[in-house]
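Welcome, and please open your viewer. We will walk through one protein stop by stop, with something to select at each.

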Amino acid sequence: MRHLIIGENEAGQRLDRYLEKYMDKAPKSFFYKMLRKKNITLNGKKAQGNERLAYGDEIRLFLADDTIDGFSSRSSCDTDKVRFSPALRPEIIYENKHVLLLNKPAGLLSQKARAEDVSLVEYLTEYLLDSGQIDRQELRSFRPGICSRLDRNTSGLVAAGKTLQGLQELNALFRERTLHKFYRSIAVGTVTGLTRAEGWLIKDERTNQVRILREKKGDALPICTEYRPLMTFTLAGRPYTYLEINLITGRSHQIRAHLASLGHPLIGDTKYGERQNNDMFRKNFGLEWQLLHAYRLEFPELDGALSDVSGKKFTAPLPQIFERILQKADSLSG
């Protein structure tokens, strides 16, 4: 027999949905059979499965532990720790009860692509376990998660939800595009003023590459990218611009592909950039990937779980390699 107490992260959902998460390998028919036979009870009484769970509710599973664990792919006994190299360890920029803002280093995945991968999600889970903010039993029915994804080799701010309420409200902000995201990069060419560019993006899943179109075609999605110059400089006879980019829409590879299509590929970008420029920055600065950094998040006026971040702005320090290139650029422009 197992005795479960509903916490804040489980409250508000239906009993059957909770059970499906807790024993995610069991067929739905199993739960309804166990509920009918009172092998699963809610607050000591027979339940139908459609009851809405409240904080402090008690669920009793009159089942063998082997049966429960056999129906779950998430073992509460799994204690394997993920090892992060110092270079790939994220920095915590801000934290409260519901949310966490992390500065992801370039080279770290946002989410796993394969079972053996290590990602920002594993770091988040490990951090919350180590700090006692969640336990392994809770992970059977709730998983903290990130609400924004960055490419592996893009650095900067990622927002994460530590609680169900925080996760839901953050996801709503990103879905409604009321949380504003600003990036920093260095692009080829001279940008002289604020530019708001629109177009259409279509992705080739086979190559994991996108193309930018001037008009809609097939499954192409509309995009909008706004950018402004912060500094212009010349290096090795070529002009470059240090940019701030406002991501109006958030499509896969949007910034990299859109700016490249406009004649301003990002330095270091091996997928959409120019080899000659990339080789020069690799030789002189050791730059191995696109220089793109999610620099600032601006929150709208909020209440509820996000009231602590209402109207606030958060920034993530630029990576050291970015600072070295800017220092060189500043000396040349001066």
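Begin by selecting Cys-224, which sits in strand 12 (residues 221-235). Helices (H or I, at least four residues) and strands (E, at least two) are DSSP runs here, numbered from the N terminus. Is Cys-224 buried or exposed? Cys-224 is buried, as its relative accessible area is 6%; buried means under 20% relative accessible area, exposed over 50%, and partly exposed in between (1.4 Å probe, protein chains only). Now show the neighbours of Cys-224: leaving aside residues up to four places away in sequence, it touches Arg-196, Ala-197, Glu-198, Leu-247, Ile-248, Thr-249 and Gln-254. Contact means heavy atoms within 4.5 Å. Thr-249 is 25 residues from Cys-224 along the chain, with 5.6 Å between their C-alpha atoms.

Before the next stop, a word on what you are looking at. This is a predicted model, in which local features need pLDDT of at least 70 and side-chain atom pairs count only at pLDDT 80 or more, while totals for chains, interfaces and linings use all residues. Residues are numbered from 1 along each chain as its sequence is written, and side-chain values use heavy atoms, with hydrogens and water left out.

**The whole chain**

Zoom out. The protein chain has eight helices and 15 strands, and its C-alpha atoms fill a box of roughly 80 × 45 × 40 Å along the principal axes. Of its 334 residues, 49% are buried. Among contacts between residues at least 6 apart in sequence, 64% join residues at least 24 apart.

**The open sheet**

Next, colour strands 1 to 4. These four strands form an open antiparallel sheet in the order 1-4-2-3. Strand 1 (2-5) and strand 3 (45-46) are the edge strands, each pairing on one side only. Two strands pair if DSSP finds at least two bridges between them. In general, strands of a sheet pair through backbone hydrogen bonds, either parallel or antiparallel.

Look closer at strand 2 (residues 40-42), which joins strand 3 through two bridges in the antiparallel sense. Which residue of strand 3 is the bridge partner of Thr-41? Select Lys-46 to find that partner. In the loop between strand 2 and strand 3 you will meet Asn-43. Asn-43 has a positive phi of about 55 degrees, although it is not a glycine, and at 38% relative accessibility it counts as partly exposed.

Now add helix 1 (residues 15-22), which lies across strand 1, strand 2 and strand 4 (58-61). Helix 1 runs at about 55 degrees to strand 4; axes are lines fitted to C-alpha atoms, for helices over the stretch in contact, and angles run from 0 to 180 degrees between N-to-C directions.

From here, jump to Ser-141, in the loop between helix 4 (120-130) and strand 7 (145-146). Ser-141 is buried, with a relative accessible area of 4%. Leaving out residues up to four places away in sequence, Ser-141 touches Glu-10, Tyr-18 and Lys-21.

**An enclosed strand**

Select strand 6 (residues 99-104). Six of its six residues are buried, so strand 6 is largely enclosed by the rest of the structure. On one side are Val-99, Leu-101 and Asn-103, and on the other Leu-100, Leu-102 and Lys-104.

A hairpin of three residues links strand 5 to strand 6. Strand 5 (residues 91-95) runs antiparallel to strand 6, joined by four bridges, and Glu-95 stands opposite Leu-100. Strand 6 also pairs with strand 8 (residues 155-161), antiparallel over six bridges; there, Gly-156 is the bridge partner of Lys-104.

**The largest pocket**

For the last stop, show the surface. The largest pocket holds about 1100 Å³ of space. Of its 46 lining residues, Arg-149, Leu-150, Asp-151, Ser-252 and His-253 are the closest to its centre. On a 1 Å grid over the protein atoms alone, a pocket is an open set of points where a 1.4 Å probe fits, with protein on both sides within 12 Å along at least five of seven lines; lining residues have an atom within 4 Å of a point. Grid points are joined across faces, edges and corners, and a volume is the space filled by probe spheres set on the points.

Which strand gives the most to the lining of the largest pocket? Strand 14 does, with five residues.
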